[in-house]
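Hi,

Here is the structure I said I would send over. Have a look at it first, and then read on for what turned up.

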Amino acid sequence: TKEIRENLSTSHLPVDGASLTEYLHQNGVNCRYLGKLAVLALAEEEKDLSKERSGVASLRKMPLFWLELLECEMVARAAKHVLDSILTPASGRVTTKPTTIIAAFLSALVSIREESAAETERRLEREDNEIDLFSLNSALNEDRV
């Protein structure tokens, strides 16, 4: 975290998962320490915030994107492992139709909360009604032409 704070003005800071991995490896840090780095980054952000509240100006602040980048990389890596275990059962063969599994997994990963069966039914009804209205409008517009 010290290097990140000091190199804030340089242009070679990581901005995505691949460059983060490369940056960490160049500095001799294994990616298994992403969690520890995130804890350190959070502590540094809290220090900066407390200094700011007390009126002490800091020349170099911890960049706010750093913690988010670490967290995103941890979630992506964990999701990759979970999805891999779902798609590759104990037999070692990859599932033949992974699209449904991947879609459901990604939907669950980015959803705010799980919806109940009743909520799913209502949502599907709304979507069907919207499709029916769209089809009706399309048919009416074709008749006019």
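Y23 and W66 are both buried. This is a predicted model, by the way, so please read everything below in that light. These two residues also form an aromatic pair, and the geometry is edge-to-face: the ring centres are 6.4 Å apart, with 75 degrees between the planes. The count of aromatic pairs comes to one, so if you go looking for ring pairs, Y23 and W66 are where to look, given that pairing needs ring centres within 6.5 Å. In sequence the partners are 43 residues apart, with Y23 sitting in helix 2 and W66 in helix 4, and the pair links distant parts of the chain.

That brings me to the two helices themselves. Helix 2 covers residues 17-26 and helix 4 covers residues 64-87; their axes come within 10 Å and cross at roughly 105 degrees. Angles of 65 to 115 degrees count as roughly perpendicular, and therefore that is how helix 2 and helix 4 are oriented to each other. On the helix 2 side, the contact is made by G17, L20, T21, Y23 and L24, while helix 4 brings W66, L69, L70, E73 and R77. What kinds of residues are these? Six are nonpolar, two are polar and two are charged.

T21 deserves a moment of your time. It lies in helix 2. Its relative accessible area is 17%, and because anything under 20% counts as buried, T21 does too. Setting aside neighbours within four places in sequence, T21 touches C31, E73 and R77.

Now for the cysteines, since you may well wonder about them. How many disulfides does a search of the whole structure find? It finds zero. For the record, a disulfide is a covalent bond between the sulfur atoms of two cysteines. C31, the residue that T21 contacts, is buried at 11% relative accessible area. C72, on the other hand, counts as exposed, with a relative accessibility of 54%.

One last spot to click on is L37, in helix 3 (residues 34-53). L37 has 12% relative accessibility and so counts as buried. From L37 to E71 the C-alpha to C-alpha distance is 9.6 Å, with their positions 34 residues apart in sequence.

Shout if anything is unclear.

Cheers

Notes: Residues numbered from 1 in each chain as written. Predicted model: local features only at pLDDT ≥ 70, side-chain atom pairs only at ≥ 80, totals over all residues. Heavy atoms only, no water. Axes fitted to C-alpha atoms, helices over the stretch in contact; angles between N-to-C directions. Helix = DSSP H or I, 4+ residues; strand = E, 2+ residues; numbered from the N terminus. Parallel < 35°, antiparallel > 145°, perpendicular 65-115°, else oblique. Contact = heavy atoms within 4.5 Å. Nonpolar A, V, L, I, M, F, W, Y, C, P; charged D, E, K, R; others polar. Disulfide = S-S within 2.5 Å. Buried < 20%, exposed > 50% of the residue type's maximum accessible area, 1.4 Å probe, protein only. Phe/Tyr/Trp six-rings, centres within 6.5 Å; stacked < 30°, edge-to-face > 60°.
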